[in-house]
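User: Please take me through this model by question and answer, with the reasoning set out for each reply.

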Amino acid sequence: MKDMNNMVKGLGFYYDESSLVKSYKEALKDEDFKNLVDNLNIERKELVKRTTTLEECVKEYKNCKTCPNIFECKNKIEGYCYSPMIVDGMLEFNYVICKYKKEIDKANKYMENIYTYNMPKDIKNAKMSDIYTQSKSRHETIKWIFDFVKNYKKEAKGLYLNGNFGCGKTYLISAAFNELAKKDIKSAIIYWPEFLRDLKSSFDSGYNEKYEYIKNVELLLIDDIGAEEVTGWSRDEILGTILQYRMQEHKTTFFTSNLTIEELENHFSNSKNGSDIVKARRIIERVKQLTVNLTMIGENLRK
């Protein structure tokens, strides 16, 4: 039987140390492998034990050397390189972020300032540079949006933007919010009908956190208001309270809707509890206090 002192215990079995040394010496013929281990200030026997893992690191390092961009990354985890390092005298392995991934993360860091609920990807990634400007019917709204971003100040009035389905209302405002997020201004964009449904089902888990965030965020877009089913709870306890607070605290609030202000008032007047003109009018007065009212009619850009 071979001398057990010449054996290295592995994961439930034994390796012949001489075969590990042989593999290590073979790996040293690769210049990148040799440069890597030469820069690791650790005993040779520890390096020998981890030859296979070190070779994996070298393979990923070589991939990085010739990689033109993150979209052609060949490593196991896109944007990262598996690398060895010495921590408290021990050899450890971790994933190190590459330069391309760093650039992307830096460019997208502003997204941390935006909370979105049930919004499609194109809305989340909306850009001012991609706004469709060909239709003259959109020019007034586009100018308002650009002026708002350029001259932004806290406590400014938001916008009640109504118009036909698919004309780009939400995209315009989202693009403005994304631009302002780059200046570290926090915002929230919520699809109102679905947000209400979620809020109602989350009384025992996260209700207060969601509700308070929406009340207090610096910029808020309530998207597609008027498409929800009206109840006394959704109109008075949720929407009414949010709008009252934001009005008192001068927090900038936006709305998009397929309904005009007058049609929205009628919508809120007819809940499951019957006609309630006074409460509906109270909601509308808060909306008017918070916003400038514009209409945008245009071709359906979602076709």
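The exchange below concerns the sheet, its helices and some individual residues.

Analyst: This is a predicted model, in which local features need pLDDT of at least 70, side-chain atom pairs count only at pLDDT 80 or more, and totals for chains, interfaces and linings use all residues. Residues are numbered from 1 along each chain as its sequence is written, and side-chain values use heavy atoms, with hydrogens and water left out.

User: In what order do the 6 strands of the open sheet stand?

Analyst: Helices (H or I, at least four residues) and strands (E, at least two) are DSSP runs numbered from the N terminus, and two strands pair if DSSP finds at least two bridges between them. The pairing in this open sheet is parallel, and the twist averages 10° from one strand to the next. The order of the 6 strands is β5-β7-β8-β9-β6-β12.

User: Which strands stand at the edges?

Analyst: An edge strand has a single partner strand, so one side of it is left without a neighbour in the sheet. The strands in that position are β5 (114–117) and β12 (291–296).

User: Which residue of β7 is the bridge partner of Ile114?

Analyst: β5 is joined by 4 bridges to strand β7 (residues 187–191), and the two run parallel. Within β7, the partner of Ile114 is Ser187.

User: Which residue of β9 stands opposite Leu221?

Analyst: Strand β8 (residues 219–223) runs parallel to β9 and is joined to it by 4 bridges. On the other pairing, 3 bridges join strand β6 (residues 158–163) to β9, where Leu161 stands opposite Thr256. The residue opposite Leu221 is Phe254.

User: How many residues of strand β9 are buried?

Analyst: Buried means under 20% relative accessible area, exposed over 50%, and partly exposed in between (1.4 Å probe, protein chains only). Thr252, Phe254 and Thr256 on one side of β9 are buried, as are Thr253, Phe255 and Ser257 on the other, so both faces are covered. β9 (residues 252–257) is therefore largely enclosed by the rest of the structure, and the buried count is 6 of the 6 residues.

User: Which helix joins β8 and β9 in a β-α-β unit, and what is the handedness of that unit?

Analyst: A crossover is right-handed if, with the strands pointing away from the viewer, the path from the first strand over the helix to the second runs clockwise. The helix of the unit is α11 (residues 232–248), and the unit is right-handed.

User: At about what angle does helix α13 run to β12?

Analyst: Axes are lines fitted to C-alpha atoms, for helices over the stretch in contact (heavy atoms within 4.5 Å), and angles run from 0 to 180 degrees between N-to-C directions. Helix α10 (residues 207–216) lies across β5, β7 and β8, at about 120° to β7. Helix α13 (residues 277–290) lies across β6, β9 and β12, and its angle to β12 is about 90°.

User: Why do Cys67 and Cys73 form no disulfide?

Analyst: A disulfide is a pair of cysteine sulfur atoms within 2.5 Å, and the count by this rule is 0. Cys67 is buried at 14% relative accessible area, whereas Cys73 is partly exposed at 24%. The sulfur of Cys67 has its closest cysteine sulfur in Cys73, and this is too far for a bond, at 5.6 Å.

User: With which side chain does the side chain of Asn63 make a polar contact?

Analyst: Asn63 lies in helix α4 (residues 51–65) and is buried, with a relative accessible area of 19%. A polar contact is a pair of N or O atoms within 3.5 Å; within protein, one must be able to donate a hydrogen and the other to accept it, and residues adjacent in sequence count only if both atoms are side-chain atoms. Leaving aside neighbours within four places in sequence, Asn63 is in contact with Lys74 and Asn75. The polar contact, at 2.9 Å, is with the side chain of Asn75.
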